[in-house]
Amino acid sequence: MSATMAPPGGMASNGPGTPAGAPGADDDLPYPIADKRPDLVRTANGLGLDALTVEAVVAGKIAREDIAITPEALRLQADIARRVGRDRLAENFERAAELARVPEDELMAVYELLRPGRATGPEPLLDAAAKLRRDYAADRVAALVEEAADVYVRRGLFTRRF
């Protein structure tokens, strides 16, 4: 494979049989973003990729949030995935974009509730979904948690199994 990696979906950029302008063509798809369009990627504090250096870390110029992926970067990845026909992957990136702003303790609390036998009924899951939607605008993730509550009711997963 050449120095340029294939985009999600495995389509090689401008490889044999990839016409210019077709999905996967270099001029149409900024993948990998860090190589082809680094100007599109910013940290949570607005720094560009070129500012993320070891020297900047040592000098204390890089904060923890500067090395975490941003919702915007995840949405760009979703865009690329969708353009090459990877809709499921795009949906995962979109959910990840919603979760990128959810505090870790909140995220872990929802994760714990989703483990079979942890929630005592659908209400805690529905409350968690409402909080995700209300406090973090995480509509896609909230819908998934609501769906889980429905499935857990049907499958009897609210009773402790151990």
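Biologist: Let's start in the middle of the fold: what do the buried residues of helix 6 pack against?

Modeller: They pack against two neighbours, helix 5 (104–114) and helix 7 (139–155). Keep in mind that this is a predicted model. The buried residues in helix 6 are Leu125, Ala128, Ala129 and Leu132.

Biologist: How do you know that the buried residues of helix 6 line one face of the helix?

Modeller: Look down the axis of helix 6: the buried residues fall within an arc of 100 degrees, so they line one face. The general rule helps here. An α-helix has 3.6 residues a turn, so residues three or four places apart point the same way. The face turned away from the buried side of helix 6 carries Asp127 and Arg134, which are exposed.

Biologist: What makes the span of helix 6 agree with the expected value?

Modeller: Helix 6 covers residues 122–136, and at 1.5 Å a residue its 15 residues should span 21 Å. The expected span takes one less than the number of residues. The end C-alpha atoms of helix 6 are 21 Å apart, so the two values agree. Just after helix 6, alanine 137 has a positive phi of about 55 degrees.

Biologist: Over to helix 4, then. Why is glutamate 98 called buried?

Modeller: The relative accessibility of glutamate 98 is 11%, and buried means under 20%, so glutamate 98 counts as buried. Glutamate 98 sits in helix 4 (residues 87–99). Leaving out residues up to four places away in sequence, glutamate 98 touches Ala137, Ala138, Asp139, Arg140 and Val141.

Biologist: Which backbone atom lies 3.0 Å from a polar atom of the side chain of glutamate 98?

Modeller: That is the backbone nitrogen of arginine 140.

Biologist: And what makes glutamate 94 buried?

Modeller: Its relative accessible area is 15%, and the cut-off is under 20%, so glutamate 94 is buried. Glutamate 94 also lies in helix 4. Apart from residues up to four places away in sequence, glutamate 94 touches Ala78, Arg82 and Arg140.

Biologist: Which side chain does a polar contact of 2.6 Å join to that of glutamate 94?

Modeller: The side chain of arginine 82. The distance of 2.6 Å passes the test for a polar contact, which needs N or O atoms within 3.5 Å.

Biologist: Why is aspartate 39 called partly exposed?

Modeller: Aspartate 39 has a relative accessibility of 48%. Buried means under 20% and exposed over 50%, with partly exposed in between, so aspartate 39 counts as partly exposed. You will find aspartate 39 in the loop between helix 1 (33–36) and helix 2 (54–58). A polar contact of 2.7 Å joins the side chains of aspartate 39 and arginine 37.

Biologist: What about the rings? How many aromatic pairs does the structure hold?

Modeller: There is one aromatic pair. Tyrosine 152 and phenylalanine 158 form it, with centres 5.8 Å apart and 65 degrees between the planes.

Biologist: Why is the pair of tyrosine 152 and phenylalanine 158 called edge-to-face?

Modeller: The centres are 5.8 Å apart and the planes are at 65 degrees; a pair needs centres within 6.5 Å, and planes over 60 degrees apart count as edge-to-face, so both tests are passed. Tyrosine 152 counts as buried at 12% relative accessibility, and phenylalanine 158 also counts as buried at 12%.

Biologist: To finish, what does the secondary structure of the protein chain come to?

Modeller: Seven helices and zero strands. Buried residues make up 30% of the 162 residues in the protein chain.

How values were computed
Residues are numbered from 1 along each chain as its sequence is written. This is a predicted model: local features need pLDDT of at least 70, side-chain atom pairs count only at pLDDT 80 or more; totals for chains, interfaces and linings use all residues. Side-chain values use heavy atoms; hydrogens and water are left out. Helices (H or I, at least four residues) and strands (E, at least two) are DSSP runs, numbered from the N terminus. Buried means under 20% relative accessible area, exposed over 50%, partly exposed in between (1.4 Å probe, protein chains only). A polar contact is a pair of N or O atoms within 3.5 Å; within protein, one must be able to donate a hydrogen and the other to accept it, and residues adjacent in sequence count only if both atoms are side-chain atoms. Contact means heavy atoms within 4.5 Å. The arc is that of the directions from the helix axis to the C-beta atoms. Rings of Phe, Tyr and Trp (its six-membered ring) pair if their centres lie within 6.5 Å; planes under 30 degrees apart count as stacked, over 60 as edge-to-face and the rest as tilted.
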